[in-house]
Amino acid sequence: MDETEISAYHEAGHAFMAIFVGAQVGMVTIEPDRDDGPQRHAEIRVEWPPGTFSRRQHQEKMILVSLAGPAAEMLYSGDPFHPGLVPEWAADWRSAWEAAAPLIADEKKRLALLEQTSIKVYRLLDQEPNWSALAAIADSLLAHETLEGEEVLEIVQQWLR
């Protein structure tokens with residue numbers, strides 16, 4: 001499988017879930033700037049409308065968005081992995097882990113929550129029309145490399161009417 005396609009599906013997973021849970025996508029790209037930071041194959045900017053969610057809701061939604069990239073990649077590739085064990089997903093897992101920390105202090109219970117949530121996200125993305133919306137985002141990313149938030153929202157709205 002082509003690395004660019006995998007990155008497109010991964011980022012499409014994050015983008016779809018962000019819209020699905022009520023956040024906004026500022027932009028998503030599979031051609032990020034090659035600055036002096038860590039090497040990235042893709043990038044997404046998720047924006048949370050201020051005052052829309054309670055702190056707990058915000059943390060829970062951040063977890064869903066963080067785990068949606070790995071789940072989409074698993075669905076696309078057909079390879080089911082534990083999202084905490086794939087090096088390329090370390091930033092996503094760390095983001096989910098940190099978002100869950102204020103909710104569950106006990107690390108074993110937090111791990112269980114993230115594992116259960118990973119399965120929930122995987123199943124949610126595997127449903128129609130969710131997968132079709134996600135695939136449409138990935139196709140558009142592959143065609144254009146970068147999408148603005150309005151473009152992502154328009155794609156998702158076409159499928160989730």
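Buried residues are those with under 20% relative accessible area, exposed residues those with over 50%, and partly exposed residues those in between. The model shown in these close-up views is a predicted one.

**View 1. Aromatic rings of Tyr9 and Tyr76, a pair between helices α1 and α2.**
Two aromatic rings count as a pair if their centres lie within 6.5 Å, and planes under 30 degrees apart count as stacked. By this rule the structure holds five aromatic pairs. In one of them, the ring centres of Tyr9 and Tyr76 are 3.9 Å apart and the planes stand at 15 degrees, so this pair is stacked. Tyr9 belongs to helix α1 (residues 3–20) and Tyr76 to helix α2 (residues 55–77), so that the pair, whose members are 67 residues apart, links distant parts of the chain. Tyr9 has a relative accessibility of 9% and is therefore buried, whereas Tyr76, at 22%, counts as partly exposed.

**View 2. Aromatic pair of Trp48 and Phe53.**
The rings of Trp48 and Phe53 form an edge-to-face pair, with 6.1 Å from centre to centre and 80 degrees between the planes. Trp48 counts as partly exposed, because its relative accessibility is 23%, and Phe53, at 21%, is also partly exposed because this value lies between the limits of 20% and 50%.

**View 3. Aromatic cluster with Trp131, and Arg110 over the face of Trp97.**
Tyr9 and Tyr76 form one aromatic cluster together with Trp131. Elsewhere in this view, a charged side chain is placed against a ring: Arg110 lies over the face of Trp97, at 4.4 Å from the ring centre.

**View 4. Surroundings of Glu5 in helix α1.**
Glu5 has its place in helix α1 and counts as partly exposed, because its relative accessibility is 29%. Not counting residues up to four places away in sequence, Glu5 touches Tyr76 and Leu142. The C-alpha atoms of Glu5 and Ile30 are separated by 9.1 Å, and these two residues are 25 residues apart along the chain.

**View 5. Packing of helix α1 against helix α4.**
Helix α1 packs with helix α4 (residues 107–125) at an angle of about 90 degrees, and the two axes are 12 Å apart. This angle makes α1 roughly perpendicular to α4, because angles of 65 to 115 degrees count as such. From α1 the contact is made by Phe16, Met17 and Phe20, and from α4 by Val121, Leu124 and Leu125. When the residues of this contact are divided by character, six are nonpolar, with no polar and no charged residue among them.

**View 6. Thr117 and the residues that it touches.**
Thr117 has its place in helix α4 and counts as buried, because its relative accessibility is 11%. If residues up to four places away in sequence are not counted, Thr117 touches Ile63, Leu64 and Leu67.

**View 7. Packing of helix α1 against helix α6.**
Helix α1 and helix α6 (residues 149–159) pack at an angle of about 75 degrees, with their axes 10 Å apart. This angle makes α1 roughly perpendicular to α6. Ala15, Phe16 and Ile19 of α1 make the contact with Val152, Leu153 and Val156 of α6, and the residues of this contact divide into six nonpolar, no polar and no charged. Gln158 also has its place in helix α6 and, with a relative accessibility of 45%, counts as partly exposed. The C-alpha atoms of Gln158 and Phe20 are separated by 13 Å, and the two residues are 138 residues apart along the chain.

**View 8. Backbone at Pro129 and at Glu145.**
Most residues other than glycine have a negative phi, and most peptide bonds are trans. Glu128 and Pro129, however, are joined by a cis peptide bond, with omega at about 5 degrees. Pro129 has its place in the loop between α4 and α5 (130–144). Glu145, a residue other than glycine, has a positive phi, near 70 degrees. Glu145 lies in the loop between α5 and β3 (146–148) and is partly exposed, because its relative accessible area is 39%.

Key. Residues are numbered from 1 along each chain as its sequence is written. Side-chain values use heavy atoms; hydrogens and water are left out. Rings of Phe, Tyr and Trp (its six-membered ring) pair if their centres lie within 6.5 Å; planes under 30 degrees apart count as stacked, over 60 as edge-to-face and the rest as tilted. Helices (H or I, at least four residues) and strands (E, at least two) are DSSP runs, numbered from the N terminus. Buried means under 20% relative accessible area, exposed over 50%, partly exposed in between (1.4 Å probe, protein chains only). A charge sits over a ring if NZ of Lys or CZ of Arg is within 6 Å of the ring centre and within 35 degrees of the ring normal. Axes are lines fitted to C-alpha atoms, for helices over the stretch in contact, and angles run from 0 to 180 degrees between N-to-C directions. Angles under 35 degrees count as roughly parallel, over 145 as roughly antiparallel, 65 to 115 as roughly perpendicular and the rest as oblique. Contact means heavy atoms within 4.5 Å. Ala, Val, Leu, Ile, Met, Phe, Trp, Tyr, Cys and Pro count as nonpolar, Asp, Glu, Lys and Arg as charged, and the others, Gly among them, as polar.
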